[in-house]
Amino acid sequence: MRAPLIQRTPMPGLGLSAGITFAMLTLVVALPIGALLWQGAEFGAFGIWATINRDRVRAALWLSFRLSFLAACFNLVFGVILAWVLVRYRFPGRRILDAAVDLPFALPTAVAGIALTALYAPNGVLGGLTSQIGWQVAYTPWGIWLALVFVGLPFVTRTVQPVIDEIEPEVEEASATLGASRWHALRHVIAPMLMPAALTGFALSLARAVGEYGSVIFIAGNIPLRTEIAPLLIVIQLEEYNYGAAGAIGLAMLAISFTMLLTINLIQIWSRRRIGHV
């Protein structure tokens, strides 16, 4: 007998909850993506290729995805370290630091961009210090990367933190009593447990960074071919009523983002299967 597609449960309301879920997914996810695909189909394959093959568009796409990936990698490492410190150590000000992690969630992105620009501009507090050593942050790719790190760090920390909280300290103590060094225990005991959650946080941080707009445009300088991000280029095309070009750039971002997230999910599935076989 063939198994049913939907497993029945004793809890009532399956039809209603499933209907609400599919309706929300359709309105929030399927329809916008479908409209973007429809716009691309109307614009034509030749028009899409001609748009994304321009030097300005290719430079903006390369800048956005390159810096988003680098920012997500940074957040992956230091977000896990921050989560570990918040869970395993007790020190004065820990609760304040723990609450500050959520600040990028609550702070409007435009406010974050203005604050970062005020700090790291050549006449700012930190920007003046970096300028003295010949390192300019604001209005350069460094400023974009800094803004993307700021908005993406909480995703890794908050995703990994509950997993670290569930790992008993006795696991580390048992590995130490068996003769494992701290590095060996971290690599072969702790890291495999954290890997699925860390990859999820990495994917969330990357997705947020790719589409970030408000906190970047103030500190980027928005110089074409140098510090102009792809979301800003889409807004420029929309302001010029060039909807076909805006849709073409959006389709390019959608295709690249889908490929990157699919790769991350495949790695995540592989890591979970590897942990299950250990």
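This is the transcript of a short group-meeting talk on one protein structure.

Good morning. The structure I present today is a predicted model, and I shall therefore begin with confidence, because where pLDDT is low, the predicted coordinates should not be read in detail. The mean pLDDT of the protein is 86, and 92% of its residues reach 70 or more. Which elements have the lowest and the highest mean pLDDT? Helix H9, residues 169–177, has the lowest, at 71, while helix H3 has the highest, at 94.

Let me turn to empty space inside the model. Rolling a probe the size of a water molecule over the atoms shows where empty space is left. A search of the whole structure finds one cavity of 30 Å³ or more. The volume of the largest cavity is about 50 Å³. Which residues line the largest cavity? They are Ser 64, Ser 68, Ile 144, Leu 148, Ala 209, Val 210, Glu 212, Val 216, Ile 229 and Pro 231. Three helices each supply at least two residues of this lining: H3, H8 (141–166) and H10 (182–210). By class, the lining divides into seven nonpolar residues, two polar and one charged.

I should like to consider two members of that lining in more detail. Ser 64 belongs to helix H3, which spans residues 55–88. Is Ser 64 buried or exposed? Its relative accessibility is 5%, and the limit for buried is under 20%, so Ser 64 counts as buried. Leaving out residues up to four places away in sequence, Ser 64 touches Ile 229, Ala 230 and Pro 231. Two of these, Ile 229 and Pro 231, also appear in the lining of the largest cavity.

The second is Glu 212, found in the loop between H10 and helix H11 (214–220). Glu 212 has a relative accessibility of 4% and therefore counts as buried. What does the side chain of Glu 212 meet in a polar contact? The partner is the side chain of Arg 208, at 2.8 Å. Beyond its neighbours within four places in sequence, Glu 212 is in contact with Thr 109, Leu 148, Val 151, Ile 229 and Pro 231. Ile 229 and Pro 231 are thus among the contacts of Ser 64 and also among those of Glu 212.

We now move from the cavity to the pocket. The largest pocket has a volume of about 480 Å³. It is lined by 14 residues, and those closest to its centre are Val 77, Val 80, Leu 186, Ala 191 and Leu 194. H3 and H10 each contribute at least two residues to the lining of this pocket. H10 gives the largest share, eight residues. The classes in the pocket lining are 13 nonpolar, no polar and one charged.

Ile 190 also lies in helix H10. With a relative accessibility of 4%, Ile 190 counts as buried. Apart from residues up to four places away in sequence, Ile 190 touches Trp 84, Ile 167, Glu 172 and Ala 185. How far is Ile 190 from Ala 252, C-alpha to C-alpha? The two residues are 62 apart along the chain, and their C-alpha atoms are separated by 38 Å.

A second pair may be set beside this one. Thr 159 is in helix H8, and its C-alpha atom is 6.1 Å from that of Ala 197, with their positions 38 residues apart in sequence. Ala 197 is also one of the contacts of Thr 159 outside its neighbours within four places, together with Thr 200, Gly 201 and Leu 204. A polar atom of the Thr 159 side chain lies 2.5 Å from the backbone oxygen of Phe 155. Thr 159 has a relative accessibility of 21%, so it counts as partly exposed.

Finally, I draw your attention to two loop residues and their backbone angles. Leu 225, in the loop between H11 and helix H12 (230–239), has a positive phi of about 70° although it is not a glycine. Tyr 241, in the loop between H12 and helix H13 (243–277), likewise has a positive phi, near 60°, and is a residue other than glycine. Are these residues buried or exposed? Leu 225 counts as exposed because its relative accessibility is 54%, and Tyr 241 counts as exposed because its value is 65%.

Thank you for your attention.

How values were computed:
Residues are numbered from 1 along each chain as its sequence is written. This is a predicted model: local features need pLDDT of at least 70, side-chain atom pairs count only at pLDDT 80 or more; totals for chains, interfaces and linings use all residues. Side-chain values use heavy atoms; hydrogens and water are left out. Helices (H or I, at least four residues) and strands (E, at least two) are DSSP runs, numbered from the N terminus. Buried means under 20% relative accessible area, exposed over 50%, partly exposed in between (1.4 Å probe, protein chains only). Contact means heavy atoms within 4.5 Å. On a 1 Å grid over the protein atoms alone, a cavity is a set of points where a 1.4 Å probe fits but cannot get out, and a pocket is an open set with protein on both sides within 12 Å along at least five of seven lines; lining residues have an atom within 4 Å of a point. Grid points are joined across faces, edges and corners, and a volume is the space filled by probe spheres set on the points. Ala, Val, Leu, Ile, Met, Phe, Trp, Tyr, Cys and Pro count as nonpolar, Asp, Glu, Lys and Arg as charged, and the others, Gly among them, as polar. A polar contact is a pair of N or O atoms within 3.5 Å; within protein, one must be able to donate a hydrogen and the other to accept it, and residues adjacent in sequence count only if both atoms are side-chain atoms. pLDDT is the predictor's confidence in each residue, from 0 to 100.
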